[in-house]
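Thank you all for coming; I would like to spend a few minutes on one structure, beginning with a matter of wording and then moving to the sheet, the charged pairs and one annotated position. Please have the sequence and the model open while I speak.

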Amino acid sequence: MSLLVVGLSHRSAPVSVLERASLSTGAQLKLLQDTVAAEPAAEAAVLATCNRIELYADVDKFHAGVAELSTLLAQHSGVGLEELTPYLYVHYEDRAVHHLFSVACGLDSMVVGEGQILGQIKDSLARAQDLHTAGRLLNDLFQQALRVGKRAHSETGIDRAGQSLVTFGLEQLSAGAEVQQWARGKRALVIGAGSMSSLAAATLARAGVAEIVVANRTFERAERLAKILSEGDDTDVLARAVPMDSVPGELTRADVAVSCTGATGLVLTADAVVASVEGRTGAPAVEDTAVADTAVREAGETPLPGAGSAADENCPLDLSSVSSVPSGFSVMGEAAVAGMDAATLEQHGAWAAGGTAVDRTRETGRSGPEADSELIGALAATATRVGRIPERRRPEPVVEVPRPEPVLFLLDLAMPRDVDAAVHRLAGVRLVDIESLADASADAPMAADVDMVRRIVADEVAAFGAAQRAAHITPTVVALRSMAADVVAGEIARLEGRLPGLDDKHRAEITQTVKRVVDKLLHAPTVRVKQLAAEPGGAGYADALRTLFDLDQETVASVSRAENSTTEKNRGPA
């Protein structure tokens, strides 16, 4: 059996695809059950976060495993396999181990070095253990990943390479200002009471907000989080809980709102945000485009002539017939000629180029498709000569209008999104979501400590591989020693038949001597074969041992099953 991971993350897929492919808790549980029920997989675990969805499995066939895991991901995410496939990545055996260890250390996170991923890995392992889909391999792998992540954070300064997603999001909201100064005295609304929302609430409390209101579908969880915040030793924030239907009203009071729920639909629509801003300012929350148009007029700039303009004399276009066209285009440009008949089109082209409008129908005496064909050909010749229907006047310069200072700050950490993306266009609101965080963190500087973490990961991958290869040969060694013990027992029984008068003292001494001889003969080869098997390419030593000593394959398999059963029974908490 071999380790295989198939998944997608913010590095391989756009946020829109990740959003659609996100898995609810119920979908994750069903995916685990269906994976272990599939033929190639014996174990399975799902790591699903706001910016990654990965399915880990112990498989006996690589190609069949990739096909099966990809299909299962597509089925349970609701995204078609053909659409999902271009965004999937595959890691196998040591590369799969290296990938998970890198993820655990925060090297593959949107914000390098963030530590929240360790809690998510722990939850993934606990979920697989509860469903009994994690056997010896995945238990060992995920437990070791947690240890590697903790080692990276304790032995290096990887925390300096980046902040948690919450902290990074708040830094983006503050637009370069010190988060503590920006947050001090503000009223905060936290929607959701899960791990990410709790982290956001604690971070805001430490940053110095005056009040935190927690809203959650399960009111008791909101109350619990509010109580923890209120009783915290390192903050003096005022915290209270409200039901979810109080969110619209609380939003009108809040300066900053953080949302991270498991909802499949929008929690905050654009209309709800508009209403909260208008309730705060008393002014309409107009979109940026409308603000820009108003500023152009206030600056005294002359807009482009519209359909009702009389500035273009002798233009063959009947301006009155297109009066419904929005203002802002020139009658000499391409936008004006859409929908013309061929004759008018050539007339307009000749006029725009400075020529004389010609009535081809009157000149040739023909009309209909034949005349249209000639006119279109003439227009094509003009376009070939000048390159396009010319625009004599340059477009009016666009006035850059500074965006008004926001009165409401929104941080959306949910996947799929909780806040309508249209809120980005609203004046008076600043929204930071997973997509904008991905853009902002793409060029974040890497700390020198990242190299140290990479070395730790490489060392740990090698150690894990060696341990797994050594463990692979252990059932064979146990079976060999068991066979040797059976041979000793058989020979002692035969000796008793030949020497029935042998007293107990001598019988015990002979038995012990024979056992010591066998143990000494087996000690060196079994120790050495474990060492050799732990090296890369050492998997064949188990087969060689079985062949040399004519060990029964089923005996070895039964030892392996017994060890796995003991491991499952005695496994520690995740």
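Before anything else, a term: I will call a residue buried when its relative accessible area is under 20%, exposed when it is over 50%, and partly exposed in between. Please also keep in mind throughout that this is a predicted model.

With that wording in hand, take Glu435, which has 37% relative accessibility and therefore counts as partly exposed. Its side chain meets that of Arg417 in a salt bridge, with 3.7 Å from N to O. This pair links distant parts of the chain, since Arg417 sits in the loop between E9 and E10 while Glu435 belongs to helix H18, residues 434–441, and the two are 18 residues apart. Arg417, for its part, is buried, because its relative accessible area is 15%.

Let me now turn to the sheet. In what order do the six strands of the open sheet run? The order is E7-E6-E5-E8-E9-E10, and the pairing is parallel. At the edges we find strand E7, residues 238–243, and strand E10, residues 429–432, each of which pairs on one side only. From one strand to the next, the twist averages 15 degrees. As a general reminder, strands of a sheet pair through backbone hydrogen bonds, in either a parallel or an antiparallel sense.

At the E10 edge, strand E9, which covers residues 408–412, pairs with E10 in the parallel sense over four bridges, and Leu408 stands opposite Val429 in E10. Two helices pack on this sheet. Helix H10, residues 195–207, touches strands E5, E6 and E8, and its direction makes about 170 degrees with that of E5. Helix H11, residues 219–230, touches E6 and E7, and its direction makes about 175 degrees with that of E7.

Coming back to the charged side chains, the structure holds 20 salt bridges, and I will describe a few of them. Within the sheet, Arg240 forms a salt bridge with Glu211, the closest N and O atoms being 3.0 Å apart. Arg240 lies in strand E7 and Glu211 in strand E6, so the pair ties together parts that are 29 residues apart in sequence. Arg240 counts as partly exposed, at 29% relative accessibility, whereas Glu211 is buried, with a relative accessible area of 8%.

A pair within one helix is that of Arg151 and Glu155, whose side chains meet in a salt bridge at 3.0 Å, N to O. Why are these two separated by about one helical turn? Because they are four residues apart in helix H7, residues 136–155. Arg151 is partly exposed at 27% relative accessibility, and Glu155 is partly exposed at 46%. There is also a network of salt bridges, in which Arg11, Arg52, Glu54 and Asp108 are linked.

Finally, the annotation. An unreviewed UniProt entry lists Cys50 under "active site", and I report that as coming from the record. Cys50 is placed in the loop between strand E2, residues 41–49, and strand E3, residues 52–59. Is Cys50 buried or exposed? With a relative accessible area of 13%, Cys50 is buried. Leaving aside residues up to four places away in sequence, Cys50 touches Leu165, Met196, Leu413, Met415 and Ile434.

Definitions and conventions: Residues are numbered from 1 along each chain as its sequence is written. This is a predicted model: local features need pLDDT of at least 70, side-chain atom pairs count only at pLDDT 80 or more; totals for chains, interfaces and linings use all residues. Side-chain values use heavy atoms; hydrogens and water are left out. Two strands pair if DSSP finds at least two bridges between them. Axes are lines fitted to C-alpha atoms, for helices over the stretch in contact, and angles run from 0 to 180 degrees between N-to-C directions. Contact means heavy atoms within 4.5 Å. A salt bridge is a side-chain nitrogen of Lys or Arg within 4 Å of a carboxyl oxygen of Asp or Glu. Buried means under 20% relative accessible area, exposed over 50%, partly exposed in between (1.4 Å probe, protein chains only). UniProt positions are given in the numbering used here, feature names are shortened, and annotations may be inferred rather than shown by experiment.
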